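Hi,

Here's the structure I said I'd pass along. Have a look first, and my notes on what turned up are underneath.

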Amino acid sequence: MSRRKTTDPIDPARAKLAVAAAALEFGVPDLDLGRPDHRAPLIDFARQVAMYLSACIFGMTMTRIGELFGRDRSTVSHALRVIEDGRTDPVFDAKIERLESWLGAAPIR
C-alpha cells in the first residue's frame, strides 16, 4: 500500500468510484459512503471492500479514508485487515483482483 503525505482534492471522487465498484460487485446499489448505520452485513462488507480499494489502488491513508467514509481510523484499519484476511478464499480473491484491475485502469485526472 503506497501512502501519500498530502490529501488530494480528487480523493472524494476516487472513493465514490471504489464504492460504486464494490456496490456493483456485491449487489448493493444503494451503498453510501458515509452512511453511519449498519443495515446489513453485506452492505458493511461492501463498504470494507471500498475502503480496501481506496487504500490499495488510490494510495489513500487510513485517516483520509476514515474522513471520506465517515469512520475513524481504527475502523478503517479493521476493514483493511478483514479484506486482506479474506483474500485466502480464491473466489473472493478473484473478485478483488477484478476490482483492482478495473479501478487501476481508471484515469488519474
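One definition before the helix packing: angles under 35 degrees count as roughly parallel, over 145 as roughly antiparallel, 65 to 115 as roughly perpendicular, and the rest as oblique. Also keep in mind that this is a predicted model.

So, how do helix 1 and helix 2 sit relative to each other? Their axes come within 8 Å and cross at roughly 135°, and the pair is therefore oblique. As for handedness, the helix 1/helix 2 crossing is right-handed.

The contact itself is made on the helix 1 side (residues 11-26) by Ala15, Ala18, Val19, Ala22 and Phe26, which meet Leu42, Phe45, Ala46, Val49, Ala50, Leu53 and Ser54 of helix 2. Sorted by class, that contact has 11 nonpolar residues, 1 polar and no charged ones.

Two individual residues I looked at as well:

- Gln48 belongs to helix 2, which covers residues 41-56. Is Gln48 buried or exposed? Its relative accessibility is 16%, so Gln48 counts as buried. Setting aside neighbours within four places in sequence, Gln48 is in contact with His78, Ala79, Val82 and Ile83.

- Lys16 is in helix 1. With 54% relative accessibility, Lys16 counts as exposed. Lys16 and Phe69 are 53 residues apart in sequence, and their C-alpha atoms are 9.5 Å apart in space.

To recap the two residues: Gln48 in helix 2 is buried, whereas Lys16 in helix 1 is exposed.

Cheers

Methods. Residues numbered from 1 in each chain as written. Predicted model: local features only at pLDDT ≥ 70, side-chain atom pairs only at ≥ 80, totals over all residues. Heavy atoms only, no water. Helix = DSSP H or I, 4+ residues; strand = E, 2+ residues; numbered from the N terminus. Buried < 20%, exposed > 50% of the residue type's maximum accessible area, 1.4 Å probe, protein only. Contact = heavy atoms within 4.5 Å. Axes fitted to C-alpha atoms, helices over the stretch in contact; angles between N-to-C directions. Left-handed = near helix turned anticlockwise from the far one by under 90°. Nonpolar A, V, L, I, M, F, W, Y, C, P; charged D, E, K, R; others polar.
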